[in-house]
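Please work through the exercises below with the sequence and the three-dimensional view side by side, and try each task before reading its solution.

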Amino acid sequence: MKAWRNRQTDAQQRGQSGEDRALAVLQQQGLKLITRNFSCRLGELDLIMQDRETLVIVEVRYRADQRYGGALASITPAKQQKIVRATRFYLCQHPWPGPIRFDVLALTGDQHQWLKNAWLVND
């Protein structure tokens, strides 16, 4: 009776597949996975990785095509703030001594674009 709860929707499967692709790209570039899909009441962080001494928060965005501006256009200022708030929550539980960077890995069709330092946070 509870089996239906474990099924993923098509959108969730596409998101999982996109995150798998993004993770592979980033690991090929030398980043190390710390955790995946960190979720809290403030939001979700797709990938938390380490690039040398830097903690990297990666937002993965997938779009099948550029019809509505593509994957990069979907990162609004409100989405950025939600990610920042979730990151602060994560850091309360897992303090990080080094720098922190926010990246976006945008997947559009079979192409990918990796934006390092996609936005800055002013404290």
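The exercises that follow concern a predicted model, and each is paired with a worked solution.

**Exercise 1. Establish how many helices and strands the chain has, and in which order they follow one another.**

Solution. Begin with the inventory, which comes to 2 helices and 5 strands. Then read along the sequence, where these elements are arranged in the pattern α-β-β-β-α-β-β.

**Exercise 2. Describe the chain as a whole through its burial, its contacts and its accessible surface.**

Solution. First take burial: the chain has 123 residues, and 36% of them count as buried. Next consider the contacts with a separation of 6 or more, of which 55% are between residues 24 or more positions apart. Finally, turn to the accessible surface, which is about 8,000 Å² for the chain, with 48% of that area belonging to carbon and sulfur atoms.

**Exercise 3. Determine how many disulfides the chain has, and explain why C40 and C92 do not form one.**

Solution. Start from the criterion, which asks for two cysteine sulfur atoms within 2.5 Å. For C40, the closest cysteine sulfur is that of C92, and because the two sulfurs are 9.8 Å apart, they are too far from each other for a bond. Taking C92 as the starting point leads back to C40, again at 9.8 Å and too far for a bond. The count by this rule is therefore 0 disulfides. To complete the picture, examine the surroundings of each cysteine: C40 has a relative accessible area of 15% and so falls under the 20% limit for a buried residue, whereas C92, at 67%, lies over the 50% limit and is exposed.

**Exercise 4. Work out how strands β4 and β5 are arranged relative to each other, and what lies between them.**

Solution. Locate the two strands at residues 100-108 for β4 and residues 111-115 for β5; they run antiparallel and are joined by 5 bridges. Then look at the connection, where 2 residues separate the strands of this hairpin, and where G109, in the turn, has a positive phi of about 60°.

**Exercise 5. Place L107 in its strand, find its bridge partner, and decide whether it is buried or exposed.**

Solution. Begin with the strand, since L107 belongs to β4. Its bridge partner in β5 is H112. Next, check accessibility: L107 has a relative accessibility of 0%, and therefore counts as buried. As a last step, compare positions along the chain with positions in space, for L107 and V60 are 47 residues apart in the chain, while their C-alpha atoms are separated by 7.6 Å.

Key: Residues numbered from 1 in each chain as written. Predicted model: local features only at pLDDT ≥ 70, side-chain atom pairs only at ≥ 80, totals over all residues. Heavy atoms only, no water. Helix = DSSP H or I, 4+ residues; strand = E, 2+ residues; numbered from the N terminus. Buried < 20%, exposed > 50% of the residue type's maximum accessible area, 1.4 Å probe, protein only. Contact = heavy atoms within 4.5 Å. Areas by Shrake-Rupley, 256 points an atom, 1.4 Å probe, with all protein chains shown as cover. Pairing = 2+ DSSP bridges.
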